[in-house]
Amino acid sequence: MFEECVLTLVPIIALAADVICQVVIFRFRIVPSLLKSIYFGFLLGLTTLTAVHWLMSPDFFASMDVLALNLLSFGFLAYGYFHFINLGETARRVRLLREIYLSDGLSQIEILSRYGARHMVEVRLGRLIRNQQIKKSGPKLVIARKSVLRMANIMVFIKWLLLQK
Amino acid sequence: MTPLLFGICSLISAWLIHFIWWRIKLPKRQTKALLIIFLGSLVGSYLFQPLVSYTLAQWISITIFFVGATLAYIITYSAVEVDSPSLLIVRMAAQPGGVTESELLETLNDDVLVSPRIQDLLRDGHTSLQGDKFYLTPKGRRFVGIFIFYRNLLSAEKGG
């Protein structure tokens, strides 16, 4: 009964391990990069899930379908957590709301002076260059890694498929 | 049918409803519509219990799987609905010969990147306009409060 309960809730247990690990690692700067802390958290969550299955399943190899379901569930939850962190790091909406929150009301001109397009582009460009996704070739910026372009093209395809834009 | 296969079939069904609805008419509040479709499909899948006879534990597993997948899809969809500046930069850099920083700044200006997001905040009820100033609504405070709390927990900077 206890084992069944744990195996049912293990994606959430693994997510909790992921989150705690990521927060501790980044807050205390055990790794300096937010992205690396997310990777470490995910690995710990994955390890936790697999270890719990190994210890709690009556027959580990016979319950592969349960493991697969739980792995996928944890994958989706961890992906959601990654994007939650990413929203706080990069989302324009969150930054705009934060600027208004810290003020006593802002006009559009005041908002743009605190957080305008130039700042947005410079921050993102810096991040893309640091992550070696884009590089400088003389005065021009070019793709460094094809994977990031593939992601952009997938988004374009999905947008066309769903929104016909 | 295993719970995994049942969960996948339920997700595919929800996605097909989403695809057909979007082809008929694009909803104004797309995220809300997606939540209705996917969570409605989850509740609808419970009606198959007489056919599949799953245990409570199996239904809980399917629910966790389905809710996780729904949240993951809605988060990904938000990047499809609104053009991400990073992906716009990548696509411009992918043009033959690349792009200069000044070309980027000329194309990706306030009218493209910022003003529409400010209007979205009004439309979604996160801010209100009084005179010429924007203020947070209680909904906006709750929303941004979660992120401010988490950024403080991580000892991270403002972001953006």
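**Group meeting: helix contacts and rings in a two-chain model**

Okay, let's start with B:Phe38. Leaving out anything within four places in sequence, B:Phe38 contacts B:Leu11, B:Ala14, B:Trp15, B:His18, B:Phe66, B:Thr70 and B:Tyr73. Before I go on, keep in mind that this is a predicted model.

So where does B:Phe38 sit? It's in helix H2 of chain B. Its relative accessibility is 2%, and under 20% means buried, so B:Phe38 goes down as buried. Take one of those contacts, B:Leu11: the two residues are 27 apart in sequence, yet C-alpha to C-alpha they are 7.6 Å apart in space.

Staying in that helix, have a look at B:Ser45. Helix H2 of chain B covers residues 30-46, and B:Ser45 is part of it. Is B:Ser45 buried or exposed? Buried, with a relative accessibility of 3%. Outside its neighbours up to four places away in sequence, it touches B:Phe6, B:Ser10 and B:Trp59.

Now back to a residue from that contact list for B:Phe38, namely B:Tyr73. Let me talk about rings for a minute. Over all chains, the count is 20 aromatic pairs. One I'd like to show you is B:Tyr73 with B:Tyr77: the ring centres are 6.3 Å apart and the planes sit at 35°, so we call the pair tilted. As a reminder, a ring pair gets described by how far apart the centres are and by the angle of the planes. Those two tyrosines are 4 residues apart in helix H4 of chain B, which means about one helical turn separates them. Both B:Tyr73 and B:Tyr77 are buried.

There's also a ring cluster that involves both chains. Ring pairs link A:Tyr81 and A:Phe84 with B:Phe143, B:Phe147 and B:Tyr150. Hang on to B:Phe143 and B:Phe147, please; they'll come up again.

Next, helix against helix across the chains. For two packed helices, the description is the angle between the axes plus the distance between them. Example one is helix H1 of chain A, residues 2-27, with helix H4 of chain B, residues 56-81. Their axes come within 9 Å and cross at roughly 5°. That angle is under 35 degrees, so H1(A) and H4(B) are roughly parallel. Which residues of H1(A) and H4(B) meet? From H1(A) you've got A:Glu4, A:Thr8, A:Leu9, A:Pro11 and A:Ile12, and from H4(B) there are B:Ala57, B:Ile60, B:Ser61 and B:Ile64. Sorted by class, that's 6 nonpolar, 2 polar and 1 charged.

Zoom in on B:Ser61, in helix H4 of chain B. It has a relative accessible area of 10%, so it's buried. Apart from residues up to four places away in sequence, B:Ser61 touches A:Thr8, A:Leu69, A:Asn70 and A:Ser73.

Example two is helix H4 of chain A, residues 92-101, with helix H9 of chain B, residues 138-153. Here the axes come within 10 Å and cross at roughly 95°. An angle of 65 to 115 counts as roughly perpendicular, so that's how H4(A) and H9(B) lie. On the H4(A) side, the residues in contact are A:Arg93, A:Val94, A:Leu97, A:Arg98 and A:Tyr101. Across from them in H9(B) are B:Arg141, B:Phe143, B:Val144, B:Phe147, B:Ile148, B:Arg151 and B:Asn152. And there are our two phenylalanines from the ring cluster, B:Phe143 and B:Phe147. The class split for this contact is 7 nonpolar, 1 polar and 4 charged.

Last topic, for anyone who likes backbone torsions. A:Arg29 isn't a glycine, but its phi is positive, about 50°. You'll find A:Arg29 in the loop between H1 and helix H2 (34-56) of chain A. It is partly exposed, with a relative accessible area of 39%. The charged end of A:Arg29 sits over the ring of A:Phe26, 4.1 Å from the ring centre.

The other one is A:Gln132, also not a glycine, with a positive phi near 55°. A:Gln132 is in the loop between helix H6 (117-130) and strand S2 (134-137) of chain A. With a relative accessible area of 52%, A:Gln132 counts as exposed. What does A:Gln132 touch, beyond residues up to four places away in sequence? A:Ala144 and A:Arg145. And from A:Gln132 to A:Val66, 66 residues away along the chain, the C-alpha separation is 38 Å.

That's what I had; happy to pull any of these up on screen.

Key. Residues are numbered from 1 along each chain as its sequence is written. Chains are lettered from A and ligands numbered from 1 in the order in which they are written. This is a predicted model: local features need pLDDT of at least 70, side-chain atom pairs count only at pLDDT 80 or more; totals for chains, interfaces and linings use all residues. Side-chain values use heavy atoms; hydrogens and water are left out. Axes are lines fitted to C-alpha atoms, for helices over the stretch in contact, and angles run from 0 to 180 degrees between N-to-C directions. Angles under 35 degrees count as roughly parallel, over 145 as roughly antiparallel, 65 to 115 as roughly perpendicular and the rest as oblique. Contact means heavy atoms within 4.5 Å. Ala, Val, Leu, Ile, Met, Phe, Trp, Tyr, Cys and Pro count as nonpolar, Asp, Glu, Lys and Arg as charged, and the others, Gly among them, as polar. Rings of Phe, Tyr and Trp (its six-membered ring) pair if their centres lie within 6.5 Å; planes under 30 degrees apart count as stacked, over 60 as edge-to-face and the rest as tilted. Buried means under 20% relative accessible area, exposed over 50%, partly exposed in between (1.4 Å probe, protein chains only). A charge sits over a ring if NZ of Lys or CZ of Arg is within 6 Å of the ring centre and within 35 degrees of the ring normal.
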